[in-house]
Amino acid sequence: MIPPAFDYASPTTVNEALALLGQNPDAKILAGGHSLLPMMKFRLASPALLVDINKVDGLAYIKEEGGWLKIGAMTRESEVDRSALVKQKYPLLADTARVIADPIVRNWATVGGNLAHADPANDHPATMLAYGARLVAAGPGGTREIAIGDFFVGPFTTPLEHNEILTEIRIPAHKAGDGGAYLKIERKVGDYATAAVAVQINVDSKGRCMSAGIGLTNVGLTPIRTAKAAGLLVGSSLDDATVKAAANAAAEAAEPSADNRGSEDYKRSLVRTLTTRALKTAVERAKAG
Ligand SMILES: Cc1cc2nc3c(=O)[nH]c(=O)nc-3n(C[C@H](O)[C@H](O)[C@H](O)COP(=O)(O)OP(=O)(O)OC[C@H]3O[C@@H](n4cnc5c(N)ncnc54)[C@H](O)[C@@H]3O)c2cc1C
């Protein structure tokens, strides 16, 4: 399918991009284009102007700084996937990048685009919910930080204003006792999740759970953070009974719809099983340091 006609601009600074967005209420930001261009081809989106931010300097990086892992919004999935730092210290993020789409999509798709698109089927949202990430957005009045828990306000809807650009994702820096895992069931390699679960925990030297975050992919109209399931884990020794109770709570928090990927019951059952398995892996990783 052919998209409707549109104008195109390729700014080289964030300020230039912001000015273009401010002057054109029907403009849209183009990052990797792997969600936006398909929508335009299906005529589900018809922006009058594409503001391509691929040539904007300084938006692609992965670095630890000031107690955070900072990821530039234009960082490609393939860069996350190849990052030694991510592999070594952020296994939940490494697991996630590895299962997003296929290598060709990952070469273009960006972490910022994945979050800003707010597709409940995308994989990063649940992971960032489990990490308790913070997002930095630049706008005409400067920058502001948005807690990830406030970011997914509806299907494909975020609090980002039309003239704001997501510039950075901040994940709490790795500390001793951290462990995480992302488990996804897909119909075939490269597909969106039938269901997926992100788990991030911290355990003390005695194996007691000090903090926990659990996020769910594609089992609701938005990505879901299951505070109740995570709350059951905190303070426990992550024994089988507690893990089972948390997995049941995660399944209850899911709000799936039946479609050609499976029935509601099947998807809830996937959430239960994936939560149990992801917690087991997260505990092993936390204990292995
Ligand atoms: C075949 C295929 C399979 C896929 N499978 C998966 C999968 O399994 N899991 C998964 O998570 N994703 C999957 N995707 C989606 C892919 O990861 C997308 O590329 C991603 O969701 C969007 O990132 P992007 O950089 O391509 O953004 P774009 O498509 O360029 O933009 C998406 C939206 O976000 C906005 N936007 C982009 N960047 C910013 C920014 N910095 N600030 C503000 N707004 C911004 C755009 O205006 C647009 O509305 C798949 C895509 C394809 C084509």
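User: In the hairpin of β10 and β11, which residue takes a positive phi?
Analyst: That's G207, with a phi near 85 degrees; the hairpin has 5 residues between the strands. This is a predicted model, where local features need pLDDT of at least 70 and side-chain atom pairs count only at pLDDT 80 or more, while totals for chains, interfaces and linings use all residues. Residues are numbered from 1 along each chain as its sequence is written.

User: What makes β10 and β11 a pair?
Analyst: Two strands pair if DSSP finds at least two bridges between them. β10 and β11 have 8 bridges, in the antiparallel sense, so they pass that cut-off. One spot to look at is V197, which stands opposite L216 in β11. The strands, like the helices, are DSSP runs numbered from the N terminus: E and at least two residues for a strand, H or I and at least four for a helix.

User: And how do you know that β11 and β12 pair?
Analyst: They have 2 bridges, again antiparallel, and at least two is what the definition asks for. L216 turns up here too, with I224 as its bridge partner in β12. The two strands form a hairpin with 6 residues between them, and N218 in the turn has a positive phi of about 60 degrees.

User: What makes β9 and β12 edge strands?
Analyst: Each pairs on one side only. The open sheet has 4 strands in the order β9-β10-β11-β12, with antiparallel pairing. β9 (178-186) meets β10 (193-203) over 9 bridges, and Y182 has A198 as its bridge partner in β10.

User: Why is β11 called largely enclosed?
Analyst: A residue is buried if 20 or more other C-beta atoms lie within 10 Å of its own, exposed if 12 or fewer, and partly exposed in between, with C-beta atoms placed from the backbone. In β11 (209-217), 7 of the 9 residues are buried, so the strand is largely enclosed by the rest of the structure.

User: Why does β7 lie largely in the open?
Analyst: Of its 6 residues (142-147), the number buried is 0, so that description fits. β7 pairs with β6 (134-139) in the antiparallel sense over 6 bridges, and a hairpin of 2 residues joins them. Within that pairing, A138 has T143 as its bridge partner in β7.

User: Is helix α8 enclosed or open, and how do you know?
Analyst: Enclosed, largely: 8 of its 8 residues (124-131) are buried. Among them are H124, M128 and Y131. After α8 comes G132, with a positive phi near 70 degrees.

User: What makes G67 count as exposed?
Analyst: G67 has 9 C-beta neighbours inside 10 Å, and the cut-off for exposed is 12 or fewer. You'll find G67 in the loop between β4 (62-65) and β5 (68-72).

User: How do you know which residues of α1 line one face?
Analyst: A17, L20 and L21 are the buried ones in α1. Seen down the helix axis, the buried residues fall within an arc of 100 degrees (the arc of the directions from the axis to the C-beta atoms), so they line one face. On the other side, N15 and Q23 are exposed. The cover over the buried residues includes β1 (7-9), β2, β3 (49-52) and β8.

User: Why is the ligand shell said to lie between two domains?
Analyst: Domain 1 (7-52) and domain 2 (62-172) both give residues to the shell, so it lies between them. The domain bounds come from an automatic or database domain assignment. The shell has 28 residues, with G32, H34, A101, A109 and G113 the closest; being near means a C-beta atom, placed from the backbone, within 6 Å. Its largest share, 4 residues, comes from α7.

User: How many residues of the shell are nonpolar, polar and charged?
Analyst: The split is 15 nonpolar, 11 polar and 2 charged. Nonpolar means Ala, Val, Leu, Ile, Met, Phe, Trp, Tyr, Cys and Pro; charged means Asp, Glu, Lys and Arg; the others, Gly among them, are polar.

Notes:
Two residues are in contact if their C-beta atoms, placed from the backbone, lie within 7 Å.
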